[in-house]
Amino acid sequence: MAVSDQKPAPRDGIRVDLQLIADMVAPGTRVLDVGCGDGALLDHLARFKQVDGRGMELSQAGVNACVAHGLSVIQGDADTDLQHYPSGAFDYVILSQTLPATRSPRDVLEQMLRVGQHAIVSFPNFAHWQVRLRLLFGGHMPQTDALPHRWYDTPNIHLCTIDDFRDLCAAMGVVVEKAMALDRRGHIISGLPLPLANLIGEQGLFLLRRK
């Protein structure tokens, strides 16, 4: 059977939280998406921001989906493979909803900010009020839209809160250029003081840079 030269059809719109990440990326820049999944964000950035995009994905199924859409993606692990990239190789390094699944989150963040001028990180917020209530009154590890897995099959091994991540950035001397609390649909919850952002936000989204 002959291989078709026709490219896959463009994808539909991306998730709201991924669109917020895309809005942080300047056009024509160099981007590394770590844990890029099926490549939806990379594909969007390439088509609408004309970035020079690369991806790293742990699952073979994800890599296959990316390659099928013409994306430059390799199979790799954030904990071990970021160290192989040269310093300053990218303008942005993105880690979306993957940080809690890493074995050494601080080391991964350090590598991201070595490899890229900026890091964009999003993660589920374990201090969300529903999580607190379900743990307090239910007595079990909670399940929410942002944390859908049961305790014994979750990929997350380092759950954190928005305040925890702020503290980590301060300890590392990282500059927080933007910080957002998002609701369950990925929309920005605006006008919140920091304590309320940690209580009401179901996800955190940060744009970081080195000093």
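In the predicted model, helix H2 is followed by Gln50, a residue whose phi is positive, near 50°. Helix H2 itself spans residues 40-48, and its buried residues are Ala40, Leu41, Leu42, Asp43, His44 and Leu45. These buried residues of H2 pack against one helix, H1 (16-24), and against the strands S1 (30-34), S2 (52-57), S3 (73-75) and S4 (90-96).

Helix H1, which is among the elements that the buried residues of H2 pack against, has buried residues of its own, namely Asp17, Leu18, Leu20, Ile21, Ala22 and Met24. The cover over these buried residues of H1 includes H2 and strand S4, together with strand S5 (116-124), strand S6 (175-182) and strand S7 (203-209).

Elsewhere on the model, a nonpolar surface patch of about 600 Å² is made by Trp129, Leu133, Leu136, Phe137, Leu196 and Ile200. Two elements, helix H6 (129-138) and helix H8 (194-200), each give two or more residues to this patch, and H6 provides the largest share, with four residues. Ile200, one of the residues that make the patch, has its place in helix H8; Ile200 counts as partly exposed because its relative accessibility is 31%, a value that lies between the 20% limit for buried residues and the 50% limit for exposed ones.

With regard to the cysteines, the structure holds zero disulfides. The sulfur of Cys66 lies 3.9 Å from the closest cysteine sulfur, that of Cys36, and is therefore too far away for a bond, given that a disulfide requires the two sulfur atoms to be within 2.5 Å. For Cys169, the closest cysteine sulfur is in Cys160, at 9.7 Å, which is likewise too far for a bond. Cys66 is buried, with a relative accessible area of 0%, and Cys169, at 1% relative accessibility, also counts as buried.

The confidence of the prediction varies along the chain, which averages a pLDDT of 87, with 91% of the residues scoring at least 70. Among the elements of the chain, the highest mean pLDDT, 98, belongs to S1, whereas the lowest, 75, belongs to H6. Over residues 1-10 the pLDDT is below 50, and this stretch has four contacts in the model beyond near neighbours in sequence. Helix H6 thus combines the lowest mean pLDDT among the elements with the largest share of the nonpolar patch, while S1, the element with the highest mean pLDDT, is among those against which the buried residues of H2 pack.

Note on methods. Residues are numbered from 1 along each chain as its sequence is written. This is a predicted model: local features need pLDDT of at least 70, side-chain atom pairs count only at pLDDT 80 or more; totals for chains, interfaces and linings use all residues. Side-chain values use heavy atoms; hydrogens and water are left out. Patches are made of residues with over 30% relative accessible area and no salt bridge: like charges are joined within 9 Å, nonpolar side chains (Val, Leu, Ile, Met, Phe, Trp, Tyr) within 5 Å. Accessible areas come from the Shrake-Rupley method with a 1.4 Å probe; for residues, only the protein chains shown count as cover. A salt bridge is a side-chain nitrogen of Lys or Arg within 4 Å of a carboxyl oxygen of Asp or Glu. Buried means under 20% relative accessible area, exposed over 50%, partly exposed in between (1.4 Å probe, protein chains only). Contact means heavy atoms within 4.5 Å. pLDDT is the predictor's confidence in each residue, from 0 to 100.
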